[in-house]
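Work through the exercises below with the structure open. Each task is followed by a solution in steps.

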Amino acid sequence: MPMPDRPMLTTAELIRENEQLRQQLEEAEDLLTAIRTGTIDALAVQSADGPRIFTLEGADQSYRTLIEQMNEGALLLSRDTTVLYCNACLAGLLGTPLESVMGTTFASFVPPEFESYWQMLLANGWGGKSKGEMPLRGNDGMLRPFALALNVLTFDETSVLAVIITDMSAQREISAMQAQVKEQNALLAHTSAALKTQESARIEVERVAAEASRMLEGIPQIAFTANPAGENTYLNRRWFDYTGTSASQALNNQLAARIHPADLPVAVARWQDCLQSGTQLEVECRILDRFGNYRWMLGRALPSRNEAGEIIQWIGTYTDIHEQKLAQERIDLAQRQLRENNEQLTRANIDLDNFIYTASHDLKAPINNIEGLLNALQPELAASTSGNEQALLLLTMMQDSVDRFKRTIEHLTEVTKLQKENDQPVAVVNLATLVQEVSLDLGPLLLQSGGQLEVDVQQCPTISFAEKNLRSVVYNLLSNAFKYRSPEREPHVRLLTRQTPQYHVLEVHDNGLGLDTTNNQKLFAMFQRFHDHVEGSGIGLYMVKKIMENAGGHLSVHSQVGKGASFFAYFKR
């Protein structure tokens, strides 16, 4: 602010004014020294209303000593925040000499950014009491955190503001330490809980292991356990009884040491795969027993997991399958031999078919030549042997033999065709239509026998089968039923159908001569005949049986001699 105008002073007046100011300064310094040392109990402060006296009436030396030795800073402030008193602790906290604090304005220690907050604390303090936290700037310019408590005190009816200042640095360090202690306590509590959990888990594992051991000791198989790495941790008594080894020997290598060398690589590789994938172990290997013999064993193991799904151990068994293995080897050998025999039979059938085809083809020419010669010879012989019945009978017998021979060749050819036509296309055949067509073919036979044919195919109107083969089956069964009729009664033939879960069944029942069924194999053999008074080749039933079997079905017969026969053809659905 500009100084107010004043008259110019002479040199003598300036010297005198300077001397007065020096004396006032010395008096102020003496007063401050007296206050600091406690030699006075009052302080006069010049204000706009005149001098004001501040006393410490009633404050003895012990109270001053107490305030001076407090760990908190203490000071008294006037209305304009002049420091009327402060203790040594506050000076130390501010890092400022005590004489530099007394008589100064306390606002000089307040950072500018906290000025408004300080004014609020002052206003609240002069109003009664207030508390707050704010930093103060020391002599070195550093800011330190403090807690301030402000309270109004009255001395000789003059109010001053008492301020107690507490350093917050220590408290913050204590808070940090408390937080650290709390964190460590929490860690210790967590560790303790984890240890308790581990202990409980260990006890549970031991209990489960004891229970498992008791169970594994009670089974007839060799039993073992292994840790997650695959190392054996237990073998039951059956192992030591089987191998003759001692329980005092190391467990880890006992199994591998007694597996047959040829089986060991596969067993180890399979075990390693299971350890990595966590899947079930199943392996067959030979294990050496106490007598020096290798026996086949089936090894199986499953992983045991905890609640988190982690494998904690493996539990497995070895079961003696030596007898079953030998039996399986015998079965495999028998199957190989059976396949070889089937292959040989197949080749033999092929050779037989080729032979039949060749023989029938090659025999046709000679028999035709014989028949031609016989036909040419008959007129000559008939003329020369006129009236010789014996010669005519011989010629007739020779012709019959030629005819039978030709029919045999034809039947052989049909058998060969039957084998080669096994893979004919399957079609849905209307059975009623097919039976009607076969009946027309058998018309002369039905007319000759005077018989009756009854047909009922409602339960199975269609059959999926090769039409040509189905026609052969129906034709042979119906023709036999009428050919082998009984002379004592009119023939009555019934053709019926029915269904089972697996088959369509075609039945042909007659009231003819009947058959002796004590030997069914002979009944369906090639060229087998039971009634010689009826013309036939004995190949019809054989062909029907082969047709049915080649298609996955079968043919059966029920008959009583003199009362009739019933044939049942089972067509696979």
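**Exercise 1.** In this predicted model, compare the span of helix H5 with the expected one, then decide where its buried residues lie around the axis.

Solution.
- Step 1. Helix H5 covers residues 115-127, 13 residues in total. From its first C-alpha to its last it reaches 18 Å, close to the 18 Å expected at 1.5 Å a residue.
- Step 2. The buried residues in H5 are Trp-118, Leu-121, Leu-122, Gly-125 and Trp-126.
- Step 3. These residues lie on the same side of H5, because the arc they cover around the axis is only 125 degrees.
- Step 4. An α-helix has 3.6 residues a turn, so residues three or four places apart point the same way.
- Step 5. On the face turned away from the buried side, H5 carries the exposed residues Ser-116, Ala-123 and Gly-127.
- Step 6. The packing partners of the buried residues are E3, strand E5 (129-137), strand E6 (143-155) and strand E7 (158-167).

**Exercise 2.** Classify Thr-82 as buried or exposed, and list its contacts.

Solution.
- Step 1. Thr-82 sits in the loop between strand E3 (73-77) and strand E4 (83-86).
- Step 2. Its relative accessible area is 19%. Buried means under 20%, so Thr-82 is buried.
- Step 3. The side chain of Thr-82 has a polar contact of 2.9 Å with the side chain of Asp-80.
- Step 4. Leaving out residues up to four places away in sequence, Thr-82 touches Leu-76, Leu-77, Gly-103, Thr-104 and Thr-105.

**Exercise 3.** Classify Asn-306 by its accessibility, and find which backbone nitrogens lie by its side chain.

Solution.
- Step 1. Asn-306 is in the loop between strand E11 (294-305) and strand E12 (311-320).
- Step 2. Its relative accessibility is 29%, so Asn-306 counts as partly exposed.
- Step 3. A polar atom of the Asn-306 side chain lies 3.1 Å from the backbone nitrogen of Ala-308. For the backbone nitrogen of Glu-310, the distance to a polar atom of that side chain is 2.8 Å.

**Exercise 4.** Describe the largest nonpolar core and the contacts of Leu-506.

Solution.
- Step 1. The largest nonpolar core has 34 residues, and Val-474, Leu-506 and Phe-571 have the most contacts inside it.
- Step 2. Helix H14 (residues 467-483) supplies the largest share of this core, seven residues.
- Step 3. Not counting residues up to four places away in sequence, the residues touched by Leu-506 include Leu-431, Val-474, Leu-477, Phe-568 and Phe-571.
- Step 4. Another core lies apart from this one; its 30 residues include Leu-121, Leu-122, Leu-136 and Ile-165.

**Exercise 5.** How many residues of helix H16 are buried, and which residue follows H16 with a positive phi?

Solution.
- Step 1. H16 spans residues 540-550, and eight of its eleven residues are buried.
- Step 2. The buried residues are Gly-540, Leu-541, Tyr-542, Met-543, Val-544, Lys-545, Ile-547 and Met-548.
- Step 3. H16 is followed by Gly-552, with a positive phi near 90 degrees.

**Exercise 6.** Where in the chain is confidence lowest, and where is it highest?

Solution.
- Step 1. The chain has a mean pLDDT of 79, with 76% of its residues at 70 or more.
- Step 2. Strand E2 (residues 50-55) is lowest, at a mean of 50, and strand E17 (residues 503-509) is highest, at 95.
- Step 3. The pLDDT is below 50 over residues 53-60, a stretch that has 23 contacts in the model beyond near neighbours in sequence.
- Step 4. Residues 527-534 also have pLDDT below 50, and this stretch has 25 contacts beyond near neighbours in sequence.

Technical notes
Residues numbered from 1 in each chain as written. Predicted model: local features only at pLDDT ≥ 70, side-chain atom pairs only at ≥ 80, totals over all residues. Heavy atoms only, no water. Buried < 20%, exposed > 50% of the residue type's maximum accessible area, 1.4 Å probe, protein only. Helix = DSSP H or I, 4+ residues; strand = E, 2+ residues; numbered from the N terminus. pLDDT = per-residue confidence, 0-100. Contact = heavy atoms within 4.5 Å. Polar contact = N/O pair within 3.5 Å; in protein donor to acceptor, adjacent residues only side chain to side chain. Core = buried A, V, L, I, M, F, W, Y, C linked by side-chain atoms within 4.5 Å. Expected span 1.5 Å × (residues − 1). Arc of directions from axis to C-beta.
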